[in-house]
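Please look over the sequence and the structure shown below before reading on. The briefing then moves from the whole chain to single residues and the pairs they form.

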Amino acid sequence: MIPYRTVLFAWVCAACVSVCELPRAAAESEGPSPREKAAWRAALDVCARMGASRKPDERERAARAVSDAICPGVHLRAAQILVSILSEEIRRGSEREEEVHYRVVEAAVAGIRKIRDEDASDWLAKLALDERQAWRVRFHVIEGLRASWNPRVVQALREACSSKDERIRLAAVESLGALGAAAGLEALLTALSDASWRVKLASVQALGAVTLGPDQKE
C-alpha cells in the first residue's frame with residue numbers, strides 16, 4: 001500500500017501544477033481569480049505541513065483550509081485531498097467510534113458538500129459505491145453528496161440504498177431525502193420495506209421531503 005503521506009504529497013504537487021499552468025483564457029472565463037489561486041496555494045501549504053501528523057487538530061485545520069479555498073478548477077483535487085484526510089482519520093481510529101475525532105470528519109464532509117464540479121462529484125459517487133473502501137469513509141462521502149444535484153450522484157445514492165450494509169443504506173436514504181430529488185422516489189419507496197427499522201424511519205422522513213413533478217402527482 002502506498003503511504004498516505006506520499007499520496008497526499010503527490011496530490012498537493014499536482015494541484016499546484018494544475019493551478020500554475022491554468023490557461024489565461026480559462027482563467028478569465030471560468031477559472032479561479034488571482035485571489036482564489038493564492039488561497040488555494042495557501043491551503044496546499046497547510047496540507048503539506050500537516051504531512052502524516054498524528055495531531056487531529058492539524059488534520060482538521062488542513063480540511064478546513066481546503067474546504068474554504070475550493071474554487072473553479074480545483075474541485076477534483078480538493079475532493080481527493082478531503083477524502084484522503086477523511087480516510088486517514090478513519091484509519092487512525094481503527095474504525096472504533098471512540099477513537100475517531102469527529103471534528104476532522106465534519107470538516108472534511110463540509111468541504112465535500114461544497115464540491116460542484118461534475119468530474120469531482122462523479123469521482124465521489126464512484127467512491128461511495130466502492131465496497132473496497134472502509135464503510136465509514138463511504139458513509140461520510142455519501143453524507144457529503146447530499147448537496148449535489150449531479151444525476152450520476154443521485155443514481156449512486158439510489159444504488160447505495162440497496163447496499164448490504166445497513167449503515168450505507170441509511171446514509172443513502174438520508175442524503176436522497178436531503179436532496180428532495182424525485183429521481184430517488186422509487187428507491188425511497190423500496191426502502192419502506194427495508195429490514196432495518198432505522199432505514200424504514202429515514203425513508204418515511206425522506207419521502208416527506210421529495211418534490212414531485214406534475215406527472216408524478218397523479
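The points that follow are grouped by topic and describe a predicted model. The protein chain holds 12 helices and 0 strands, and of its 218 residues, 48% count as buried.

**The chain as a whole**

- Read from the N terminus on, the elements of the protein chain run α-α-α-α-α-α-α-α-α-α-α-α.
- Among contacts in the protein chain with a separation of 6 or more, 67% are accounted for by residues that lie 24 or more positions apart.
- The protein chain exposes about 11500 Å², and carbon and sulfur atoms supply 52% of that area.
- On the surface, Leu189, Leu192 and Val204 form a nonpolar patch that together has about 240 Å² of accessible area, and Val204 of this patch lies in helix 12, which covers residues 197-207.

**Helix 5**

- Helix 5 is made of the 18 residues 75-92, which at 1.5 Å a residue should span 26 Å, and this agrees with its end C-alpha atoms, which are 26 Å apart.
- Helix 5 is mostly covered, since 13 of its 18 residues are buried.
- Within helix 5, Arg91 forms a salt bridge with Glu88, and the closest N and O atoms of the pair are 2.9 Å apart.
- Arg91 and Glu88 are 3 residues apart in helix 5, so they are separated by about one helical turn.
- An α-helix has 3.6 residues a turn, so residues three or four places apart point the same way.
- Glu88 has a relative accessible area of 3% and is therefore buried, as this is under 20%.

**Other salt bridges**

- A search of the whole structure finds 12 salt bridges, and side chains of opposite charge can pair in general when their charged atoms come close.
- Glu60 forms one of these salt bridges with Arg64, where the closest N and O atoms are 3.0 Å apart.
- Both Glu60 and Arg64 lie in helix 4, which covers residues 56-69, and they are 4 residues apart, about one turn of the helix.
- Glu60 counts as buried at 13% relative accessibility, whereas Arg64, with a relative accessible area of 37%, is partly exposed.
- The side chains of Arg152 and Glu118 also meet in a salt bridge, at 2.8 Å from N to O.
- This pair links distant parts of the chain, because Arg152 is in helix 9 and Glu118 is in helix 7 (residues 118-129), with their positions 34 residues apart in the numbering.
- Arg152 counts as partly exposed at 42% relative accessibility, and Glu118 is partly exposed with a relative accessible area of 47%.
- Salt bridges that share partners join Asp57, Glu60, Arg64 and Arg103 into one network.

**Ser163 and its surroundings**

- Ser163 has its place in the loop between helix 9 (151-160) and helix 10 (166-179).
- Is Ser163 buried or exposed? Ser163 is buried, because its relative accessible area of 11% is under 20%.
- A polar atom of the Ser163 side chain lies 3.0 Å from the backbone nitrogen of Asp165.
- When its neighbours within four places in sequence are left aside, Ser163 is in contact with Arg138, Ile168 and Arg169.

How values were computed. Residues numbered from 1 in each chain as written. Predicted model: local features only at pLDDT ≥ 70, side-chain atom pairs only at ≥ 80, totals over all residues. Heavy atoms only, no water. Helix = DSSP H or I, 4+ residues; strand = E, 2+ residues; numbered from the N terminus. Expected span 1.5 Å × (residues − 1). Buried < 20%, exposed > 50% of the residue type's maximum accessible area, 1.4 Å probe, protein only. Polar contact = N/O pair within 3.5 Å; in protein donor to acceptor, adjacent residues only side chain to side chain. Contact = heavy atoms within 4.5 Å. Patch = residues over 30% accessible without salt bridge, like charges linked within 9 Å, V, L, I, M, F, W, Y side chains within 5 Å. Areas by Shrake-Rupley, 256 points an atom, 1.4 Å probe, with all protein chains shown as cover. Salt bridge = Lys/Arg side-chain N within 4 Å of Asp/Glu carboxyl O.
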